[in-house]
2 protein chains.
Amino acid sequence: MTSTRAGGGGRREQTRQKLFVAAQQLIAEQGFSATSVDEIAERAGVAKGTVYYNFKNKNELFEELLRHGVGLLNASLREAGAGREGAPIDQLDAMIRAGLAFIEQYRAFARLLLSELWRTNRAWQSTLTLLREEAVSVVRGALDDAVAAGELREDLDTGLVAAAVFGMVLVVAVDWLTFQPERSLDDVHAVLSTMVRGRLAAE
Amino acid sequence: MTSTRAGGGGRREQTRQKLFVAAQQLIAEQGFSATSVDEIAERAGVAKGTVYYNFKNKNELFEELLRHGVGLLNASLREAGAGREGAPIDQLDAMIRAGLAFIEQYRAFARLLLSELWRTNRAWQSTLTLLREEAVSVVRGALDDAVAAGELREDLDTGLVAAAVFGMVLVVAVDWLTFQPERSLDDVHAVLSTMVRGRLAAE
DNA sequence: TCTTTTAGACTGACCAGTCAGTACAAAAAG
DNA sequence: CTTTTTGTACTGACTGGTCAGTCTAAAAGA
């Protein structure tokens, strides 16, 4: 049993969170293979045995970390798109902003995602592909709405554009935080917003 | 001496090429740390010692591989931008196409670049940052030309846009080749072209 | 009491890098 | 022409070290 089970409480759950945070940072810096379990345990301030008490093995820890992070990302995107007041294209815009904000908050996770997402032949590849599909489909939903509302061209390949937007936001945000961290979110958002609203808009 | 030394000949040079190809594939699939020197040697059809005869160590092999690949990419971009006949914006368009074509040809290298480019704390990080700067500045040159010619808005932050375009092309291309390889280059190029030409254009 | 965590010793697999030696071609010597 | 030397390229067994995962006995929560 997961004991008391409060919202974020539970002794075990706290330990798992500490391990997630530590693993996230280290793997973002060094990569999965270059990060040892001993390091993760040490940074989390926990004994090595605890890692194996809470997770089956190193791979499992990483996969759960991925699921957890992408879950947060998707929730954030959905919430941004849920605001029914604006025009569909504004919802897309809100999603882009939400994506940037998420990455700003969880930079380590974003970097790690960027590094691992397009890799082949790894144990967690299928998990990751699935999670990507989910996130892209959220964006695609917003695009489809915009097309239906006549705000975007009818001949738009929303699948491809959604993938493009998803990737673009991810890579631009990480690039921003890595090489030009002094810039503001608004700055970056403005550029992406401009690009997306550009010729995609119905004339 | 490097023996006979023909244009692309030379026994040693051939061996190095074989090692580059093997390392590229394996590292794209598994990542740098997860790829052993034994594996690289085996796939190249060469003894392990040969790797160390030709390169100081594993890191050095990887760094030279990166320099080599980014060199090819930059040459390709410059060539695409050099066509003086079209309008500046068309040169940018040509660069995007060249980028896509390059990635289509050297998918493994592109994947590897995508995985390693935004990683921190690695030995080759400075090399990679430098190479990125170079590639981005080529794109930026085209953007600056377009602004000077009045084809793009004057208030455009060409540095940020160049980084965005570079990252976008890289990520979209890899995404395309990984998840929708049946699509044509033209298809993908059309979407990116539309986005770049969109609102960035002077009204 | 039952669960969770600790501290860390240990094992077996794997791996980066080394090194003594082989293969071979071209030059020098006889 | 034949033999010897020299330099280059390559080989693969070996070494020292690292790391994932196991295990245990005991402490700390709840």
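Me: What makes the pair formed by Tyr53(A) and a phosphate oxygen of DNA strand C a polar contact?
Reply: A polar side-chain atom of Tyr53(A) sits 2.7 Å from that phosphate oxygen of DNA strand C. A polar contact is a pair of N or O atoms within 3.5 Å; within protein, one must be able to donate a hydrogen and the other to accept it, and residues adjacent in sequence count only if both atoms are side-chain atoms. The Tyr53(A) pair therefore counts. This is a predicted model: local features need pLDDT of at least 70, side-chain atom pairs count only at pLDDT 80 or more, and totals for chains, interfaces and linings use all residues. Side-chain values use heavy atoms, without hydrogens and water.

Me: Which backbone atoms lie 3.1 Å from a phosphate oxygen of DNA strand C?
Reply: A backbone N or O atom of Ala47(A) does. So does one of Lys58(B).

Me: Why is Thr15(A) called near DNA strand C?
Reply: A residue is near a strand if one of its heavy atoms lies within 4 Å of it. Thr15(A) is among the 18 residues around DNA strand C, and is one of those that come nearest.

Me: How do you know that Asn54(B) makes a polar contact with DNA strand D?
Reply: A polar side-chain atom of Asn54(B) lies 3.4 Å from a phosphate oxygen of DNA strand D. The limit is 3.5 Å, so the pair counts. Thr15(B) has a side-chain N or O atom 2.3 Å from a phosphate oxygen of DNA strand D. For Thr50(B), the value is 2.5 Å.

Terms used:
Residues are numbered from 1 along each chain as its sequence is written. Chains are lettered from A and ligands numbered from 1 in the order in which they are written.
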